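Trainee: I keep seeing labels in structure write-ups and I'd like to know what stands behind them. Can we take one and go through the reasoning?

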Amino acid sequence: MANNSVNTRELIMDMLLALEDSREQSHILLKNVLDKYDYLPVSDKSFIKRVLTGTLEYRIKLDYIIDCFSKTPVKKMKPVIRNIMRMSVYQLLFMDKVPDSAVCNEAVKLAGKRGFKGLQGFVNGVLRGIIRGRDSIKYPDINSSEKEEAVYGISIAYSCPEIVVESLLEDYGIQRTLKVLEAALNSRNIYIRTNETLSEKELKNVLSEWQQAGIEFEQSLVIPYAYKIFKADKLPKLKGFMEGAYTVQDLSSMFVCEMADIAADDLVLDICAAPGGKSLHAAQKQRVAMDKRVSENGNIPEQQRVGSLAQIGASTDGQENNIRKEVGKLLSGGKIISRDLTEYKVSLIRENIERLKISNIDTQVWDARVFDEKMEQRADVVIADVPCSGFGVMGRKPDIKYNITSEGLSSLIELQRRIIDNAVRYVKPNGTLMYSTCTMRKAENEENVRYILDKYDYELMEEKQLFLSEDNDGFYIAKLRRNK
């Protein structure tokens, strides 16, 4: 699996080491490495992605297996050796097309190359032992009547930290928990949101481009402008993507703006927006609403024209000019204010705005924990997709689950409610608050909505809990209306 001077296994090991030493996100690190070595054959890049992602996904189970055959526990191994062992055992157990002998030989050579010649025999011996005994490994009982043993068994079987298992079991019980954890380990589909303002001809051209590029796709049954993509590697290089005809967005995330009923002239405030998917979606929803208004009425609806006349005075000589000004203002459409904490995060939003050629979004660096007096009761719609535990995206970002702690979960609730306390004040009377997370924890979802309803004059209009599956992330959405 090497190309010229590039050893793909060494690249994988270095990425695993980097992820151990920092909180860098695996999907970002992987993208940067693959971009740097873009000249590698597709087979090598696929191997790198498969082994890195698989090793992260199954790390708990891999460590359990290694400990069954090694006198030195994984946690006491040198970092280089530990990660060589993990990635090698992943290949032995989950990649049938890679010969066992090749896995062992490459692991031994890599240990020597990185200065551990004295441990080459250890690496070879443990891996050979796993090859001989892998079919007779005894795992903890996930069906044990003892709660602790069952949680431990589930943690090993589905390679998920016990704290996550316990939380899901408490909220949803055994059957739902196992379905979610299994989905997190399975390959997941990618969804594309096409621009709803595309003409029929333009959409046909997009679909034709996908077909010519050998991309398999399937239209969503629940959101007609969404398409399931089975192989997305070529998408970023296609003309339609570069020209903003479509963008990658998880199906579950699309429901936020689907449920929000955004009007053509609404002021929408997205307070935790990066990388901007919901802001961009909201902007396109406004464009669709405006196009529909013009198409159906030829101009401004009669009731709005009458209302405008009443406001500006209907009997003056300047009536016609005033009407034109008012009509122009109403036809100019609404506005999206898209915010996030840092300049880097906001730059990600701007990149997507430029690619999708969106004109009605203002980007701002703003800490959602800090109240903005200038925005009090100004927004028709506030989107509060708050920082969360990320249980719902474990399938795409496997390293998330290893960074979860009980202290972190507790502090998240405090953070979320600080943001909520500001978000509710930005909404106009009779306006809409869209609260969402990419997690399935009731403490971060239903309990936070109950917090809003108990403390503020809001009414719950609709809520949706989507569980992690092959088709979508785990996602919670609540639509609330401010009464006064």
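Trainee: Why is Phe94 called partly exposed?

Mentor: Its relative accessible area is 26%. Buried means under 20% and exposed means over 50%, so Phe94, at 26%, falls in between and is partly exposed. Keep in mind that this is a predicted model.

Trainee: Where does Phe94 lie, and what does Phe94 touch?

Mentor: Phe94 lies in helix α5. Leaving out residues up to four places away in sequence, Phe94 touches Arg50, Tyr58 and Leu62. As for Ser338, 244 residues from Phe94 along the chain, the two C-alpha atoms are separated by 43 Å.

Trainee: What makes α3 and α5 roughly perpendicular?

Mentor: The axes of α3 (residues 42–57) and α5 (residues 79–94) cross at roughly 105° and come within 9 Å. The perpendicular class runs from 65 to 115 degrees, so with roughly 105° the two helices are roughly perpendicular to each other.

Trainee: Which residues meet there?

Mentor: From α3 you have Phe47, Arg50, Val51, Gly54 and Thr55, and they meet Arg86, Met87, Tyr90, Gln91 and Phe94 of α5. Sorted by type, the residues of this contact are five nonpolar, three polar and two charged.

Trainee: How do you know that α4 and α8 are roughly perpendicular too?

Mentor: By setting the angle against the class limits. Helix α4 (residues 59–69) and helix α8 (residues 147–157) have axes that cross at roughly 100° and come within 7 Å. That angle sits inside 65 to 115 degrees, so α4 and α8 are called roughly perpendicular.

Trainee: What is in that contact?

Mentor: Ile60, Lys61 and Tyr64 in α4 meet Tyr152, Ser155, Ile156 and Ala157 in α8. The contact of α4 with α8 divides into five nonpolar residues, one polar and one charged.

Trainee: Which residues of α8 are buried, and what covers them?

Mentor: Ala150, Val151, Gly153, Ile154, Ser155 and Ile156 are buried in α8. Their cover includes α4 and α9 (162–185). Just past the end of α8, Ser159 has a positive phi of about 50°.

Trainee: Let's do charges. What makes Arg114 and Glu10 a salt bridge?

Mentor: The N to O distance between their side chains is 3.1 Å. The cut-off is within 4 Å, so the pair counts as a salt bridge. Arg114 sits in the loop between α6 (100–113) and α7 (120–133), while Glu10 is in helix α1 (residues 8–21), so the pair links distant parts of the chain, 104 residues apart.

Trainee: Why is Glu10 called buried when Arg114 is called partly exposed?

Mentor: Glu10 has a relative accessible area of 14%, and under 20% means buried. Arg114 comes in at 29%, which is between the 20% and 50% limits and therefore partly exposed.

Trainee: And how do you know that Glu218 and Lys228 form a salt bridge?

Mentor: Their N to O distance is 3.7 Å, which is within 4 Å and therefore passes. Glu218 belongs to strand β4 (residues 217–219) and Lys228 to strand β5 (residues 226–229), 10 residues apart. Lys228, with 10% relative accessibility, counts as buried, whereas Glu218, at 41%, is partly exposed.

Trainee: What makes the Asp291 and Arg287 pair a salt bridge, and where do they lie?

Mentor: The closest N and O atoms are 3.2 Å apart, within the 4 Å limit, so this one is a salt bridge as well. Both residues lie in helix α13 (residues 277–297), four residues apart, or about one turn of the helix. An α-helix has 3.6 residues a turn, so residues three or four places apart point the same way. Asp291, at 35%, is partly exposed, and so is Arg287, at 47%. Elsewhere, salt bridges with shared partners join Glu10, Asp14, Lys113 and Arg114 into one network.

Trainee: How many salt bridges does the structure hold, and how many of its residues count as buried?

Mentor: The structure holds 31 salt bridges. Of the 484 residues, 51% count as buried.

Key: Residues are numbered from 1 along each chain as its sequence is written. This is a predicted model: local features need pLDDT of at least 70, side-chain atom pairs count only at pLDDT 80 or more; totals for chains, interfaces and linings use all residues. Side-chain values use heavy atoms; hydrogens and water are left out. Axes are lines fitted to C-alpha atoms, for helices over the stretch in contact, and angles run from 0 to 180 degrees between N-to-C directions. Angles under 35 degrees count as roughly parallel, over 145 as roughly antiparallel, 65 to 115 as roughly perpendicular and the rest as oblique. Contact means heavy atoms within 4.5 Å. Ala, Val, Leu, Ile, Met, Phe, Trp, Tyr, Cys and Pro count as nonpolar, Asp, Glu, Lys and Arg as charged, and the others, Gly among them, as polar. Buried means under 20% relative accessible area, exposed over 50%, partly exposed in between (1.4 Å probe, protein chains only).
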